[in-house]
Every structure is written in C-alpha cells, then in structure tokens.
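Grab a pencil and let's work through a few exercises together. Try each task yourself before you read its solution.

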Amino acid sequence: MELIKKLKEYLVEYKKQFILLILIVLLRNAIDLSRPYITKIIIDKGIMVKNLTIVNLWGIILLLLLLIYSRFMAVETLISNKIQQGIVFKLRNKVYHKLQKLSLSYFNKEKKGDILSKLMSDVEQLQRIITDGFIIFLMSVITFFGAFIILLRLNKILTLLMMIPLSGIGFLVYIFTEKAHKGYREVRKIRGELTSSLQENIFGIKEIKAYSREKQQLSRFSFKGRKFFKINVYVAKLWATYQSWIIFLSSLGYLIVIWYGGRKVLSEEITVGTLVAYIGYLHLLYTPIHQLNHVNHLMQHARAAGERIFGIMDAYSDVKNLPNAIVLTHPLSGKIKFEDVFFAYENENYVLKNINFEVESGEKIALVGPSGAGKSTLVSLIPRFYDVSKGVIYIDNRNIKEYKIFYLRSHIGIVLQEPFIFSGTIAENIAFGKENADMDEIIEAAKLANAHEFISELPEGYETDVGDMGNILSVGQKQRLAIARVFLKNPSILILDEFTSSLDAESEKLIIDALKRLIEGRTVFIIAHRLSLVRNVDRIFVLNKGEIVEKGAHIELLRKKGLYYKLYNLQYPLAEIEEEINALNK
Ligand code: ATP
C-alpha cells in the first residue's frame, strides 16, 4: 500500500490512459465471463435437443466475441507499455535529480555500483508492477467475483464445497508473501553488491593486473556471485513449493466438481450444460488465483525494489539551500574567513578543530602538513561539499550558508590531482566550465591553459572523442583540460589540490606556467606536498592533526624552526635550508 501511495504521483499524469485501460479490461472480462454461459446454451439448447440453428448462431456469436477480445488485448498491451515507459522515464529522472542534490556524505556512505543498480534494475522492476501487475490484478479480481456470483447462481452447494480448497489457498498466500518479501529484498541488495564489485574490478583493472591479483579478485567476485546464486535458489524453492500447493488445491476443486456434479447429472438434478458451464466458471475462478499469485510475486519484487528507490528519494541531504538564500548580481570578491570551525565526517570525530583565519581577496595561501592532517577537508568546506559541524565560514563578510549553493559554487574553481574527464569531445569537456560557451571562448581558455597545442595535434582537434573517462589523454593533458575549464569559469576563488604530483618535467613546466596565469587576481588555496611549489605564496598554513599549528610566509616559518621547517627538511637537505635562510637574512 505504501508503495502504491508513493507511485500515485507518477500515475496521475496518465489518468486518461488508465481510465481507457480499465474500460478495456472490463469489456474483456465481460467476454470471459460470458463464454461458459454461451457453451451451456449451445449444449443444453442446441446439442442435447439437436437444434443446429442454435449451435450455428451461438457459434458465430462466440467467434465474433473472440475476435473483439483479441483486438482489445492488442490495444491494452500498447497503452500499458506507453504508461510503463513514461513512468519509468519520469521516475528515473527524478531519482537522478535527487542524487545530484544529495551531499557528498551520501556518496561516501553508499557504494556507487549499488546506486547504479537502484537506478537501472530496481526502477525496471517497479515498472513491471505498475501496469502488468495492475491489469492482471484488476482482471483477476473482477473475473474471480464475477465467476463466484455466477457459480452461486448455478449451484449453491457445489460452490460452498469449493470454498474448502479456496481457503487453503488464501492461507498459503498469506504465508508466502512475507517470506518472499524478505527473500526478494535480499536478492536486490546482493545484486547491488555484485554490481558494485563488478564496477570496482573494471575500474581497478590496472591495479589488479599490476599486483597480479586476478585470482583473488575472481574469488571475491565468485563469493558474492555464490551468495546471489544461493539467495535466488532459496527464493525459487519458496516459489516452487508455494506454486505446487496452489496447483494441487485448485485441482482438488476440479475433482470435487466432477465427482459431486457428475452425481447430480446422473440423478438429473442438473443438466450436462450446467456441469460443463460450471467447470468453465471454475476455470475462471482458479485462473485469477494463479494470476493473483503472479501479481503477488511481482509485488514482492516491486516492494523490495521500491524500498531501495524511495530510500534514495527519502535520503536527507545535509547540504541544502536555506529558504531565504540569496544570489548577488555581482561576483564574489573572494575574501574568506573561518571562525572557530570544527568538522567531523561522522559523529564527533573531528578531523578539523578550531580553525580560525582570514584571507584577503586575491591572497595566495598554501596548505601544507602531513598526510591526513585535514588539508583537503578544509578546502572542501568552502564550496559547501560538506557543511561545518561547528563555527562559521564567511565569504565577503556573509556566512556562506546565506548564498544559494549554485551561486557560491559558480565562483569557486577547483583543479584536482586527477581531474574527471567525461566521455565526449575535448570541446565539450572544456565547456563543462561554462554553460553555453562558444568555440572562441573554448579555444581561448585552452590557449591560456597551454592545452591548445596538444589539442591541435589530435586527429580531430577539439572534436576528438576523449574515450571512456578521457583514457586517450595523459594525466598532464587531463590537468590542462581541467585548467582550461577553470579559465572558462573564471572564478574569484581557486582551489588547487595536489595538482602537480606524478608529472614529468615537461608537463609540469607547461602546467605551472598555465597556473601562474590562472591564479592571477584570484584568492587561491594551494595544497601541495612538494614544498618548493609553495615558496612564493603570500602565506602558508601548516596543518597538523586537524589544527592550524603555524601560519606565515615561507621564510618566517623556516626561521621559526617548527613543523614547517621539519617538513621542509624531509625534502631538502638542512644545509640548503640554512643557506636559504642566511641568504634572505642578508
Ligand atoms: P592527504 O595529504 O593525504 O591528502 P589531507 O591532509 O588532505 O591528507 P584529508 O583528506 O582532509 O587529509 O583527511 C583528513 C582526515 O579525514 C583523515 O583522517 C581521513 O581519514 C579523514 N577523511 C577524509 N575523507 C573522509 C571521508 N569521506 N569520510 C570519513 N573520513 C574521511
């Protein structure tokens, strides 16, 4: 019921088609219910009294009805498919839209493969219940009650006898439903895990080969595959037992009718036509039970799929626009202030503690510190990838939560160590930085990013397809594309996260040259492990265990001989550093 309520919103749009569908189903039902009665007329009033005219006349009527019936079925299939596809399209888009709005914490918790499985396989499962399930349900209920009423009119005692196997069937349905639901929920969950594992194995194929882990990965994958196999076999067993009992009980019903009805024909209490019609109606009584059974099967699948899909829809996004969030008509200038900021990914395990600083617009800041100190986390709070746990971040003297998220993020550019390149052309990838960017702007951005040259040498230049996730490009080329994106975006705040590690000297030179142009006139946060790269920034913040332990210019920090000095010492010989300090002292 919960599921139907949630799906209602998607059904409303197809109200007219649904009414037409119900009408056709009702007419089809009427034809179904009339067939045994026409047979009774042909037997009792035609065959038994040797009246050929009656046999011919009702024979033709039956033929016409069957023709109409088959046309109805064709129209019904068409309409139901249209509704199904339309609803799935809308539902999938809605889930996708919701996913885009969820904060990064959701994606940290959920496995990507499982999300994919929900979006594809679970949505398709739901589609089946929407119309297939609905039509079968409607047909079955009407046929069942129609047949039951006619059976009662034909013979009350026989009908009451029929109730014995029927009640057994009702009891079975009750038991099966809950067991099957639990089973199907597990099936869908493990299917998600399997997709996840498959996805990891495909994305991590280089590592798997490099470490010769094929065998181990295969056995991990097989382990999950076996789990999936086992749960499916369990559900199939459940279904097989259930179905066989249903068939036994309905056959028992036939047996009762033939035995008891046969005796009544022999004692001439009922006609042969009535007995044949009775058997026909009995068929109409039991077929819906089998069909309802099938609907139940679909429903249990759909309930499990629905729980997973609506789980996404109900997921809470912890980063949201405030009701009165604003959009300014001018860009942000890039003045940033952290005031008593604390942050924890989970519970109260703070990975940033008591962070306080002010950065002027256009200032260049480097964040350095040991691995895991919290550098990436600190910069991810500026575009509100996560919200602070305590404290406030201000940009241009306003709490960043006062701005609409899209406005805030449209003024922040980010270059990551391994930027994500989407499938599509080079031009499309650069244009990711600005909606409706024209070709001239794209080329200009590429030139500034020192990417124009290599792009021009590609077979189709800017129209070259970069392949799946940009696999035809080197890391350095990907980074230059990412820099071109930022040139196009032209943000006032720039975050450079570990952007030059793992590059050859030639690539690095081109990138550093492009970056020098990029950082001009913007507020910049640079995270770099190689300290030679941060020497020329205005100030360096040294982080350790989530706290800023030192702040100052390169030389000041060297003179202080604190953590920065120690970190620097790990990369440069002490003598060289002393020489540098002495040179600057002079
Ligand atoms: P590195 O230089 O190695 O990139 P970092 O200084 O940038 O490190 P962060 O990546 O900010 O450090 O991580 C800070 C702490 O937060 C670490 O202890 C890390 O384990 C933890 N952490 C990072 N990302 C998450 C996450 N998504 N969920 C939970 N904890 C996280």
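In what follows, Ala, Val, Leu, Ile, Met, Phe, Trp, Tyr, Cys and Pro count as nonpolar, Asp, Glu, Lys and Arg as charged, and the others, Gly among them, as polar. You're looking at a predicted model, where local features need pLDDT of at least 70, side-chain atom pairs need 80 or more, and totals for chains, interfaces and linings use all residues. Residues are numbered from 1 along each chain as its sequence is written, and side-chain values use heavy atoms, leaving out hydrogens and water.

**Exercise 1.** Sort the residues of the shell around the ligand into nonpolar, polar and charged.

Step 1: Find the shell, meaning residues with a heavy atom within 4 Å of the ligand. There are 13, and Ser 371, Gly 372, Lys 375, Ser 376 and Thr 377 are the closest.

Step 2: Sort them: four are nonpolar, seven polar and two charged.

**Exercise 2.** Which polar side-chain atoms lie close to an oxygen atom of the ligand?

Step 1: Look for polar contacts, here pairs of N or O atoms within 3.5 Å.

Step 2: Ser 371 has a polar side-chain atom 2.6 Å from a ligand oxygen, and for Thr 377 the distance is 2.4 Å.

Step 3: Check the backbone too: a polar backbone atom of Gly 374 sits 2.9 Å from a ligand oxygen.

**Exercise 3.** Which residues does Ile 426 touch, leaving aside its neighbours within four places in sequence?

Step 1: Contact means heavy atoms within 4.5 Å.

Step 2: The list includes Ile 455, Leu 458, Tyr 462 and Leu 481.

Technical notes
Near = heavy atom within 4 Å. Polar contact = N/O pair within 3.5 Å; in protein donor to acceptor, adjacent residues only side chain to side chain.
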